[in-house]
There are 2 protein chains.
Amino acid sequence: MRKGEPVLPTMDDILSAYERICPYIHRTPLMSSKFLSDAAGADILFKCENFQKAGAFKTRGALNAVLGLDRSAASNGIATHSSGNHGLALAYAASLRKIPCHVVMPRDATAAKRHAAEGYGAEIIECGPSASEREKCLDMVLAKTKAEFVHPFNDARVIAGQGTCGLELFNQAAGLDAVVAPIGGGGLVSGTCVAFSELAPCVEIYAAEPKNADDAFRSFRAGRIVADHSPRTIADGLRVPIKELTWRIIKAKLSDVLTVSEESIVDSMKIIWQRLKIVVEPSSAVALAAVLAHTELFRNKRVGIIITGGNVDLDFLPWKDG
Amino acid sequence: MRKGEPVLPTMDDILSAYERICPYIHRTPLMSSKFLSDAAGADILFKCENFQKAGAFKTRGALNAVLGLDRSAASNGIATHSSGNHGLALAYAASLRKIPCHVVMPRDATAAKRHAAEGYGAEIIECGPSASEREKCLDMVLAKTKAEFVHPFNDARVIAGQGTCGLELFNQAAGLDAVVAPIGGGGLVSGTCVAFSELAPCVEIYAAEPKNADDAFRSFRAGRIVADHSPRTIADGLRVPIKELTWRIIKAKLSDVLTVSEESIVDSMKIIWQRLKIVVEPSSAVALAAVLAHTELFRNKRVGIIITGGNVDLDFLPWKDG
């Protein structure tokens, strides 16, 4: 490692994370649908993190960060900015440790996620929608509370925690050829890359991304981080851009980024509800949409798809209001 | 048995049914939610038949009837009347045996169920909404095709098949105090009664019924079958009345019938989607609604709730349009 370079999480970090968080998370099931496998011409296994505690994979990373804090660091509580699942996950983790949790959330965040975070006892601090407003607001919260900041994804503890999802998937599904996971900030994808590059380096890891928020796609092509400007996508969990830590892992280990249209995200979300009978949020549907849009890549292969979460506002479903 | 009395299904019939259908059904999982158990003050386990083949428990009874037919009886195919899941289940069973399937369905049946039955290759024959129109239509189909009639519930083969759900629940959940299942025609409830009365006679079996279609409740109070007149309930699977066979079992073995309001059905359906992250149809929510409305009956008990199915039209959800 060159001086000044950030420390990237390793397989050992993922294994330590798994030991730490295991008593507090669900080993979420794999599901499959003959209809969907036939549609893709592939053997698809869905890793159902919508059934995870607090409704999304984010609980893994949040728990790893929070449970790993020593007593002194934890005493002032934790803080973050999040439009949804990371805030909810951190609220859950803080409630387990009985420490304060402060979540800076844009005013337009999904009501379902906000209320669930409050249900775990978190304090929600509303901010404007821009990145600068959010950061200013978070700085104020940190200055006032001295809380420990846990970034939603650009944090080695969080990436190692999300990597436990890949570790579980590897243990549950023998003989995978590929794994496809949605990408926003890249915590899940980079954690999955670290896990599989050690456990089964032949398995190809693909990131699936909305065309309307395709910073990872453009970054991967350019070989450097290319920022999004106010992405607009129904997949609200994927509007955030990749950052330094996740980018370094993705650049080195990812097979490719596959982009999908908004329409195909909504179609895939609906078909998952209809066929798997599970409630998933739009971001979760992006990976299936990518597999269905790139059947040539996956034909006759055994493909793991990570369903990232199920926290959706049932009063505003995209096939009614989108 | 007195002469002329119908033959009721026994535990042996359920065990034979299980052996027959086991390769073709899912052993559906149990799920739980700390939130919902806390809300009920009970330890609730949900038996998730929404994940069953063809999306509902009905597949058990339909498969038992269809797979049990000898070649000659099966050669003309099968027929039934059904507004939904039984028709779909029978279509699935017929597709496995590669025999014709004719389903008489009211014109106002859920589009999702109709399309799914057609997807399995069934012929749908539309009829008017009244019982007499339906029966006239079915008689014509039977006369024309010589198909074997498989009644949705008033059929010992079907009741024994549904009883396999109770058998599985017993094997999956140790130490149950009570089981609550929705009641329409009573196939599931009577099959569950037969299974538990043999396997664990101390377990109390409750039927949950919409107030707006409370023929089972009134029959149980009166000690004889009291018919409904055009019941109107969001729980479309529960509009049918109990009949001779199911009534005889229910009368002898059921603990009680609990009725619930339409509003509580919709609320329970929504809370199941939100908390368990699973897609269930309105009929499925009736049992949870009954437990939440009668917490005094279930406090501190271990309660199995049968989630009956997940075939719902996502374009017409009751909390948007009801």
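Which residue forms a salt bridge with Lys270(A)? I looked this up at the start and found Asp315(B), with the closest N and O atoms 2.9 Å apart. The term salt bridge stands for a side-chain nitrogen of Lys or Arg within 4 Å of a carboxyl oxygen of Asp or Glu. Across the interface of chain B and chain A, I count 2 salt bridges by this rule.

**Ground rules.** I note that this is a predicted model, where local features need pLDDT of at least 70, side-chain atom pairs count only at pLDDT 80 or more, and totals for chains, interfaces and linings use all residues. Residues are numbered from 1 along each chain as its sequence is written, chains are lettered from A and ligands numbered from 1 in the order in which they are written, and side-chain values use heavy atoms, with hydrogens and water left out.

**Interface.** I looked up the contact (heavy atoms within 4.5 Å). Chain A gives 19 residues to it and chain B gives 19 residues. Of the interface residues of chain B, 100% are also interface residues in chain A, so the copies meet through the same surface. The two chains bury about 1,700 Å² between them, 59% of it on carbon and sulfur atoms. Buried area here is the accessible area (1.4 Å probe) that two parts lose on being put together, summed over both.

**Symmetry.** I superposed the copies by least squares on the C-alpha atoms of residues with pLDDT of at least 70 in both. A turn of 180 degrees and a shift of 0.0 Å along the axis lay chain B on chain A with an RMSD of 0.0 Å. The two copies are thus related as by a two-fold rotation axis. In chain B, the C-alpha nearest the axis belongs to Ile278(B), at 2.1 Å.

**Rings.** Over all chains I find 9 aromatic pairs. The ring centres of Trp273(A) and Trp273(B) are 5.6 Å apart and the planes stand at 65 degrees, so this pair is edge-to-face. For the rule, rings of Phe, Tyr and Trp (its six-membered ring) pair if their centres lie within 6.5 Å; planes under 30 degrees apart count as stacked, over 60 as edge-to-face and the rest as tilted. Ring pairs link Trp273(A), Trp319(A), Trp273(B) and Trp319(B) into a cluster.

**Burial.** I checked relative accessible area (buried under 20%, exposed over 50%, partly exposed in between; 1.4 Å probe, protein chains only). Trp273(A) is buried at 0%, and Trp273(B) is buried at 0%.
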